[in-house]
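Colleague: Before I set anything up with this one, I'd like a close look at the ligand site. Start with what lines it, then work outwards to whatever surrounds it.

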Amino acid sequence: MKKRIVVLTGAGVSAESGFATFRDTGGLWEQYDVQEVASHDGWLRNPGLVLDFYNARRAQLKDAKPNAAHLAIAGLEKDYDVDVITQNVDNLHERAGSTRVLHLHGELTKVRPEWGLYDKTFQEDEVIDIGYSEVKLGDLAPNGKQLRPHIVFFGESVPAIEKAIDMVSRADILLIVGTSLQVYPAAGLYRYAPPGAPIYIIDPADVPVYDKRITHIRAVATKGMEEFIATLQA
Ligand code: OAD
């Protein structure tokens with residue numbers, strides 16, 4: 001039976017595809033106020049601004065390409081049973097060929113009707129794939145409500161977290177690539193890895209968490225994936 005590798009990724013895996021990360025110097029949260037463009041209250045205050053922010057990200061995604069790290073992660077499927085859990089809202093893992101990708105924080109290429117006043121949940125069948133097109137104020141879902149990005153805003157729950165916990169708890173190896181591990185609940189996922197499972201973290205910066213199972217590969221994602229694969233083959 002193939003070993004199971006669970007890969008948890010963050011903005012760092014897409015950095016070499018030209019996407020700014022969030023918290024690094026020059027990152028998105030230096031250029032934008034996260035509370036205005038990516039929070040539940042921000043949407044209620046100024047939905048047009050939020051739509052424009054994600055329209056710009058979606059337009060950038062159209063021209064972006066998966067990098068060697070995305071491709072290397074997809075290539076692991078040749079010898080391993082691989083689940084990718086990503087905090088990223090881009091589709092670069094899928095475009096690199098990964099077949100099992102769970103998006104914890106939503107997807108740029110999808111939208112859904114905004115909630116009712118008291119109803120902040122959504123149904124899977126309400127989610128609409130719009131590819132790389134724009135969404136404007138006044139663009140309505142079939143149920144008559146304003147379309148909103150299919151993104152988990154700050155202040156909202158993370159519906160996919162239970163599924164992610166289940167995946168991590170069945171990992172033989174956990175690989176974490178390019179996340180600052182600052183945003184919960186994603187940041188706590190590594191704790192669900194089985195006691196005997198090694199944990200590799202690829203990141204050029206310090207690792208903010210401690211666990212004796214962790215091996216830190218201090219490198220950018222593309223180089224780090226080469227090192228990780230060499231370790232698997234050793
Ligand atoms: P962050 O911007 O917080 O962290 C990016 C991480 O990538 C940092 O640890 C960097 O050191 C690392 N990094 C930078 N360049 C890299 C490279 N070339 N290769 C590998 N690593 C590199 O991004 P996330 O941890 O993904 O959520 O942020 C988590 C969530 O916060 C995001 O999903 C987003 C954001 O607010 C929502 O918007 C809901």
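**The ligand site and its surroundings**

Modeller: Sorting the shell around the ligand by residue type gives eleven nonpolar residues, eight polar ones and four charged ones. Keep in mind that this is a predicted model, so read what follows as a description of that model. The shell has 23 residues, and those that come nearest to the ligand are Phe-22, Arg-23, Thr-179, Ser-180 and Asp-203.

Now the polar contacts, which you'll probably want to look at atom by atom. Thr-179 uses its side chain: a polar atom there sits 2.7 Å from an oxygen atom of the ligand. Gln-87 takes part through its backbone, with a polar atom 3.1 Å from a ligand oxygen. Gly-12 also offers a polar backbone atom, this time 3.2 Å from a nitrogen of the ligand. As for how covered the ligand is, it would expose 790 Å² taken alone, and the protein buries 93% of that.

Moving outwards, look at the loop between β7 and β8, with β8 covering residues 199-202. Two backbone oddities turn up there. Leu-181 lies in that loop, and its phi is positive, about 55°, although the residue is not a glycine. Pro-185 is in the loop between β7 and β8 too, and the peptide bond leading into it from Tyr-184 is cis, with omega near 10°. Why flag these? Because most residues other than glycine have a negative phi, and most peptide bonds are trans.

The strands on either side of that loop belong to an open sheet of six strands, paired in parallel and ordered β3-β2-β1-β7-β8-β9. Its edges are β3 (101-103) and β9 (214-217), each of which pairs on one side only. Ignoring direction, neighbouring strands are turned by 20° against each other on average. Within the sheet, β1 (residues 4-9) and β2 (residues 81-86) run parallel and are joined by six bridges; Val-6 stands opposite Asp-83 of β2. Helix α8, residues 161-169, packs on this sheet, touching β1, β2, β3 and β7 (173-177), with its direction about 140° from that of β2.

There's another open sheet to take in, built from three strands in the order β5-β4-β6 with antiparallel pairing. Here β5 (128-129) and β6 (147-151) are the edge strands, each pairing on one side only. Five bridges hold β4, residues 106-113, to β6, the two running antiparallel, and Glu-107 faces His-150 in β6. A helix packs on this sheet as well: α5 (residues 47-63) touches β4 and β6, and its direction makes about 140° with that of β4.

Conventions: Residues numbered from 1 in each chain as written. Predicted model: local features only at pLDDT ≥ 70, side-chain atom pairs only at ≥ 80, totals over all residues. Heavy atoms only, no water. Pairing = 2+ DSSP bridges. Helix = DSSP H or I, 4+ residues; strand = E, 2+ residues; numbered from the N terminus. Contact = heavy atoms within 4.5 Å. Axes fitted to C-alpha atoms, helices over the stretch in contact; angles between N-to-C directions. Near = heavy atom within 4 Å. Polar contact = N/O pair within 3.5 Å; in protein donor to acceptor, adjacent residues only side chain to side chain. Areas by Shrake-Rupley, 256 points an atom, 1.4 Å probe, with all protein chains shown as cover. Nonpolar A, V, L, I, M, F, W, Y, C, P; charged D, E, K, R; others polar.
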